[in-house]
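Morning, everyone. Please look at the screen while I talk you through one chain.

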Amino acid sequence: MYFANNKGLLEYDGNTWQTYPLPGNVKVRAGRTSGDTIYVGALGQFGFFTRNPKGQLVYHRLSESVERAGQLNICNIHQIGHDIYHQNDH
């Protein structure tokens with residue numbers, strides 16, 4: 001199970017918790033899984049996590065190419081078909 005949290009993305013495997021912070025330790029506000037990918041939205045950025053060959057989650061930032069990304073506050077993530085949409089609250 002995955003949860004958005006002020007400290008990052010939380011993962012619970014039924015026994016232990018693991019925290020995956022985002023760059024800048026920003027607050028994660030939204031999350032959505034799609035297959036093996038976990039999409040996240042946060043204050044000032046958005047992106048997704050995938051597992052590396054060792055099974056560890058690795059963050060991939062998508063918002064670097066967005067003008068004024070620092071002003072974003074992603075509050076929800078939607079999936080329509082195969083497309084993922086990060087919803088900003090502004």
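What radius of gyration would a compact globule with 90 residues have, and what does the chain have? The globule would come in near 12 Å. The chain has 13 Å, so the two agree. Keep in mind that this is a predicted model.

Now the outline. Picture a box along the principal axes. The C-alpha atoms fill roughly 40 × 30 × 20 Å of it.

Next, the elements. How many helices and how many strands are there? Zero helices, nine strands. Read from the N terminus and you get β-β-β-β-β-β-β-β-β.

What about the inside and the surface? Of the 90 residues, 33% count as buried. The chain exposes about 5800 Å². Carbon and sulfur atoms supply 46% of that area.

Now contacts. Take those between residues at least 6 apart in sequence. Of these, 32% join residues at least 24 apart.

Charges next. There are 8 positive and 7 negative ones. Their mean positions lie 7 Å apart.

Let's zoom in on the beginning of the chain. Find strand E1, residues 2-5. Then find strand E2, residues 8-12. In which sense do E1 and E2 pair? They are antiparallel, with four bridges. The link between E1 and E2 is a hairpin, and two residues make the connection.

Here are some partners to pick out. Tyr-2 has Glu-11 of E2 as its bridge partner. Ala-4 is bridged to Leu-9, again in E2.

Stay on Leu-9. Which residue in E3 is its bridge partner? That is Tyr-20. So far, then, Leu-9 has come up twice: with Ala-4, and with Tyr-20 in E3.

Strand E3 covers residues 17-20. E2 and E3 also pair in the antiparallel sense, over four bridges. Four residues sit between these strands in their hairpin. One residue to look at there is Gly-14, with a positive phi near 95 degrees.

Is E2 mostly covered or mostly open? Mostly covered: four of its five residues are buried. A general point about strands goes with this. In a regular strand, side chains alternate between the two faces of the sheet.

On to the loops. Asn-25 lies between E3 and strand E4, which spans 28-34. Its phi is near 50 degrees. That is a positive value in a residue other than glycine. Is Asn-25 buried or exposed? Anything over 50% relative accessible area counts as exposed. Asn-25 has 58% relative accessibility, so Asn-25 counts as exposed.

Further along, look for Lys-54. Where is it? In the loop between strand E6, 45-51, and strand E7, 57-61. Lys-54 has a relative accessible area of 73%, so Lys-54 is exposed too.

One last distance. Take Lys-54 and Asp-89, which are 35 residues apart along the chain. Their C-alpha atoms are separated by 36 Å.

To recap: nine strands and zero helices. E2 pairs with E1, and E2 pairs with E3. Asn-25 is exposed, and Lys-54 is exposed. Thanks, that's my part.

Note on methods:
Residues are numbered from 1 along each chain as its sequence is written. This is a predicted model: local features need pLDDT of at least 70, side-chain atom pairs count only at pLDDT 80 or more; totals for chains, interfaces and linings use all residues. Side-chain values use heavy atoms; hydrogens and water are left out. The radius of gyration is taken over C-alpha atoms; the globule rule is 2.2 Å times the number of residues to the power 0.38. Buried means under 20% relative accessible area, exposed over 50%, partly exposed in between (1.4 Å probe, protein chains only). Contact means heavy atoms within 4.5 Å. Accessible areas come from the Shrake-Rupley method with a 1.4 Å probe; for residues, only the protein chains shown count as cover. Lys and Arg count as positive and Asp and Glu as negative; His and the chain ends are not counted. The place of a charge is taken as NZ of Lys, CZ of Arg, CG of Asp or CD of Glu. Two strands pair if DSSP finds at least two bridges between them.
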